[in-house]
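Biologist: Before we use any of the labels attached to this model, I would like to hear what each of them rests on. Could you take them one at a time and set the value against the rule?

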Amino acid sequence: MVKKKGVLCYDRESGRYDIYFGNGSYYGGLHCGDCFDVEMDGDWVPVRIEMDDDWYLVGVPKIRLDGLTVRADRYE
């Protein structure tokens, strides 16, 4: 398993966030409790995605999620 870099994006059809890795490759939809790293000021910060009234990341201040650079475990 390796950590693969991608971009966080919202999938309106599923109502969930996903990670786009490029070349048409996606994580497959994030669920509450899924953990990954987000890039902030050049550092990788471990986070967990959760849902209340809206989606948010535990481990960082409230920020806009769309377009964040993230990395997640992927089987290669």
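Modeller: Let me begin with Asp-66, which has a relative accessible area of 30% and is therefore called partly exposed, bearing in mind throughout that this is a predicted model.

Biologist: Why is Asp-66 called partly exposed?

Modeller: Buried requires under 20% and exposed requires over 50%, and because Asp-66 has a relative accessible area of 30%, it falls in the class in between.

Biologist: What makes the contact of Asp-66 with Arg-64 a salt bridge?

Modeller: The closest N and O atoms of Asp-66 and Arg-64 are 3.9 Å apart, and since the rule asks for a side-chain nitrogen within 4 Å of a carboxyl oxygen, the pair is counted. Arg-64 itself has 64% relative accessibility, which is over 50%, so Arg-64 counts as exposed.

Biologist: How many salt bridges does this rule give in total?

Modeller: The count comes to 5 salt bridges. Bridges with shared partners join Lys-3, Asp-37, Arg-71 and Asp-73 into one network.

Biologist: How do you know that Asp-37 and Arg-71 form a salt bridge, and which parts of the chain does the pair link?

Modeller: Their closest N and O atoms are 2.9 Å apart, and because the limit is 4 Å, the pair qualifies as a salt bridge. Asp-37 belongs to strand S4 and Arg-71 to strand S7, with the two residues 34 apart, so that the pair links distant parts of the chain. The same two residues also stand opposite each other in the strand pairing.

Biologist: Is Asp-37 buried or exposed, and what class does Arg-71 fall into?

Modeller: Asp-37 has a relative accessible area of 8%, under the 20% limit, and is therefore buried. Arg-71, with 26%, lies between 20% and 50% and is therefore partly exposed.

Biologist: What makes S4 and S7 a pair of strands?

Modeller: Pairing needs at least two bridges, and because 2 bridges join strand S4 (residues 35-40) to strand S7 (residues 69-74), the requirement is met, with the strands running antiparallel.

Biologist: What makes S4 and S5 a pair, and what lies between them?

Modeller: S4 is joined to strand S5 (residues 43-51) by 6 bridges in an antiparallel arrangement, and as the rule asks for at least two, S4 and S5 pair. In one of these bridges, Met-40 has Asp-43 as its partner. S4 and S5 form a hairpin with 2 residues between them, and Asp-41 in the turn has a positive phi of about 55°.

Biologist: How is S5 connected to S6, and where does Glu-50 come in?

Modeller: S5 and S6 run antiparallel and are joined by 4 bridges, and they form a hairpin with 3 residues between them. Glu-50 stands opposite Tyr-56 in S6, and the side chain of Glu-50 also meets that of Arg-48 in a salt bridge at 2.7 Å, N to O. Glu-50 has 16% relative accessibility, which is under 20%, so Glu-50 counts as buried, whereas Arg-48 at 34% is partly exposed.

Biologist: Which strands are the edge strands of the sheet?

Modeller: The open sheet has 7 strands in the order S3-S2-S1-S7-S4-S5-S6, with antiparallel pairing. S3 and strand S6 (55-58) are the edge strands, each pairing on one side only.

Biologist: Why is the pair of Tyr-10 and Tyr-17 called edge-to-face?

Modeller: The rule yields 2 aromatic pairs. In the pair of Tyr-10 and Tyr-17, the ring centres are 5.1 Å apart and the planes stand at 65°; because the centres lie within 6.5 Å and the angle is over 60 degrees, the pair is edge-to-face. Tyr-10 is partly exposed at 37%, whereas Tyr-17 is buried at 8%.

Biologist: Why, then, is the pair of Tyr-20 and Tyr-26 called tilted?

Modeller: Their centres are 4.9 Å apart and their planes are at 50°, and since this angle is neither under 30 nor over 60 degrees, the pair is tilted. Tyr-20 has a relative accessible area of 31% and Tyr-26 one of 43%, and Tyr-26 is partly exposed. Tyr-26 lies in strand S3 (residues 25-26). Together with Val-7, Tyr-20 and Tyr-26 form a nonpolar surface patch with about 260 Å² of accessible area.

Notes
Residues numbered from 1 in each chain as written. Predicted model: local features only at pLDDT ≥ 70, side-chain atom pairs only at ≥ 80, totals over all residues. Heavy atoms only, no water. Patch = residues over 30% accessible without salt bridge, like charges linked within 9 Å, V, L, I, M, F, W, Y side chains within 5 Å. Areas by Shrake-Rupley, 256 points an atom, 1.4 Å probe, with all protein chains shown as cover. Phe/Tyr/Trp six-rings, centres within 6.5 Å; stacked < 30°, edge-to-face > 60°. Buried < 20%, exposed > 50% of the residue type's maximum accessible area, 1.4 Å probe, protein only.
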